[in-house]
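Colleague: I have just opened this one and would like to go through it slowly with you. Could you start with whatever term I need for talking about the ligand?
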Amino acid sequence: MHPLTHKYIPKTTMEVLGQENVVKQLRDFIINFKKQKKKSALIYGPSGVGKTSSVYAIANELDYEVIEVNASNFRNAEQINFKVGNAIKQQSLFARGKIILVDEIDGLSGHEDRGGVQAIVKLIGDSAYPIILTATNPFDNKFSSLRSKSNLMEFSQLDYLSIFRILKRICGHEKIRHEDEVLKALSRRAGGDARSAINDLQSLAQEKKELAKESLEELSERNKTENIMTALNKIFKTTDLKIAISAFDNVREDLDEQLLWIDENLPKEYTKPQELAKAYEMLSKADVFSRRIKRWQHYRFLVYINALITAGIASAKNEKYKNFVQYKPTGRILKLWWASQRNAKKKEIAGKIAEKTHSSKKEILKSTMPYLPIMFRNKEMRNGIINYLDLNEEEIEWLAKAK
Ligand SMILES: Nc1ncnc2c1ncn2[C@@H]1O[C@H](COP(=O)(O)OP(=O)(O)OP(=O)(O)O)[C@@H](O)[C@H]1O
Ligand SMILES: [Mg+2]
C-alpha cells in the first residue's frame, strides 16, 4: 500500500495550501536569486506543513532541477563536495536551473557535526545556485552562522480548514465516503500537521473507502496507547528520577492499566536479573497500595504508587539499556500472570501453615485454605492467625480480601 502522503505531494504551488505568503516569498527568492545578498533561504516550521513539498512544487513549476542533500549524511566539506561537486558551479547560460536543497539540518548535532555546519556555510559561499535549508528549529545556537547567511522564512502550523481541504481533495480522488463533520474532526486533531492528518485518514479509511464516525474513537484509543508508550519510554530509559516521576502526568489511563502496562513491558527492557527483580519489587508494592486504595479509599497512597512506578522503577537500573524495545499493550496472558501472582500469595501462606503443622503444602491448599479466609473474618481468630503464622502485610492483605 502506497502512502497517500506520497501520492498527494503538491505538484504545483497552488496545491500547497495554507502557506501562500511564505511560498511566494520562497519563489521570489529563487527567481531573483542573482540579485540576492544572502545566497540561501532557511525555511523553518513544524513537521508536516509543506516545507519540503514547497521546494519541489516551486522547482516543478519553474522546471528547475532539485539536488537534494541530506544534512545528516555529512560530516565535513569534502563529503558535501563529493555529493554536490560540480552541480554548484555555473554552467552554460541556457542550462536548466537548479536548487540545492539541504533538508532537515536539525539532524546535524552540535558537537561532532560542527564540520557539517561549516561545510554548509562553505557551500553557500561557493554555490552559483540557490541553497535552501529546512529545519524545524533553526534557533539552536549551533545554527547561528547559517542563520546570519540566510533569508529566514517561516512556515506556520496549518489551520484546520487547510488540512480539511487537503483531506477533502484526497477523499475525492480516492473515492472515500465521509461526512464533512467527521473529516473536520479528523483535521482538528492533527495539530496543524498535514502529514499526520493524511496518515490518519489512510489508516482509518483507505481499506473500506469510508471514514466512519466510530473510527475517530479508534484514533483516540490509539493516541492513548501512544501516550502510555511515551510514558514507559521515559521511565525505562532514564536514570534521572526527576524526568521519570512526571512520566504519567499526561496519561489518562487508569492506575490498573498503568500497572499492567509496566508489568507487561518491564521484562523486555530490564534484562539484568537483579535490576528486573528490584523493579518488580517496586511494582508489587505499588500493587499492594493500589488494592488498599480500592478497599479503604486511602487515596493518599496514590503519590506513593506514582513514585514507585516511575522513579522507583527508573532507579532500579544503574544505567539505561541501549537496545530498542517495542512496547506492547497488555494482553490476556498478562492478566493470567497477574492472577497467578495473587495465587502465589495463597501458596505462600499455605507453605507457612504446612511448616507449622508439619503437613504438606498441597494438603493445606486443599484442606485448610478454603476455610482460612472465613476464619480470618473473625477478629480474634484473625489476630491469632497473624501471630501464629507471622504473616506479613501483603499476606494479611491477601487473606482479608480472599473469599
Ligand atoms: N501545506 C500543504 N498543502 C498540501 N499538502 C501538504 C501541506 N503540507 C504538507 N502536506 C502533505 O504532507 C506531506 C508532508 O509534507 P512535507 O514533507 O512538505 O512536510 P515538511 O514541512 O517538510 O515536514 P518535515 O519537517 O517533517 O520534513 C506532503 O507529502 C503532503 O502530502
Ligand atoms: Mg521535510
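Modeller: A residue is near a molecule if its C-beta atom, placed from the backbone, lies within 6 Å of it. Please keep in mind that this is a predicted model.

Colleague: Okay, so which of the 23 residues around ligand 1 come nearest?

Modeller: Ser-47, Gly-50, Lys-51, Thr-52 and Ser-53 come nearest, and the elements that give two or more residues to the shell are α3 (51-62) and α9 (194-205). Sorted by class, the shell holds 10 nonpolar, 9 polar and 4 charged residues.

Colleague: And where does ligand 1 lie with respect to domain 1 and domain 2?

Modeller: Ligand 1 lies between them, because domain 1 (19-154) and domain 2 (160-222) both give residues to its shell.

Colleague: Switching to the sheet, in what order do the 5 strands come?

Modeller: The order is β2-β3-β4-β1-β5, in an open sheet with parallel pairing. The edge strands, each pairing on one side only, are β2 (65-70) and β5 (150-154), and from one strand to the next the twist averages 25 degrees.

Colleague: How many bridges join β1 and β5?

Modeller: Strand β1 (residues 40-44) pairs with β5 over 5 bridges, and Ser-40 has Ser-150 in β5 as its bridge partner.

Colleague: Which strands does α3 touch?

Modeller: Helix α3 packs on the sheet and touches β1, β2, β3 and β4 (131-135), with its direction at about 170 degrees to that of β3.

Colleague: Last one: is Lys-168 buried or exposed?

Modeller: Lys-168, which lies in helix α7 (residues 160-174), counts as partly exposed because it has 16 C-beta neighbours inside 10 Å, whereas a buried residue would need 20 or more.

Conventions: Residues numbered from 1 in each chain as written. Chains lettered and ligands numbered in written order. Predicted model: local features only at pLDDT ≥ 70, side-chain atom pairs only at ≥ 80, totals over all residues. Helix = DSSP H or I, 4+ residues; strand = E, 2+ residues; numbered from the N terminus. Nonpolar A, V, L, I, M, F, W, Y, C, P; charged D, E, K, R; others polar. Domains from an automatic or database assignment. Buried ≥ 20, exposed ≤ 12 C-beta atoms within 10 Å, placed from the backbone. Pairing = 2+ DSSP bridges. Axes fitted to C-alpha atoms, helices over the stretch in contact; angles between N-to-C directions. Contact = placed C-beta atoms within 7 Å.
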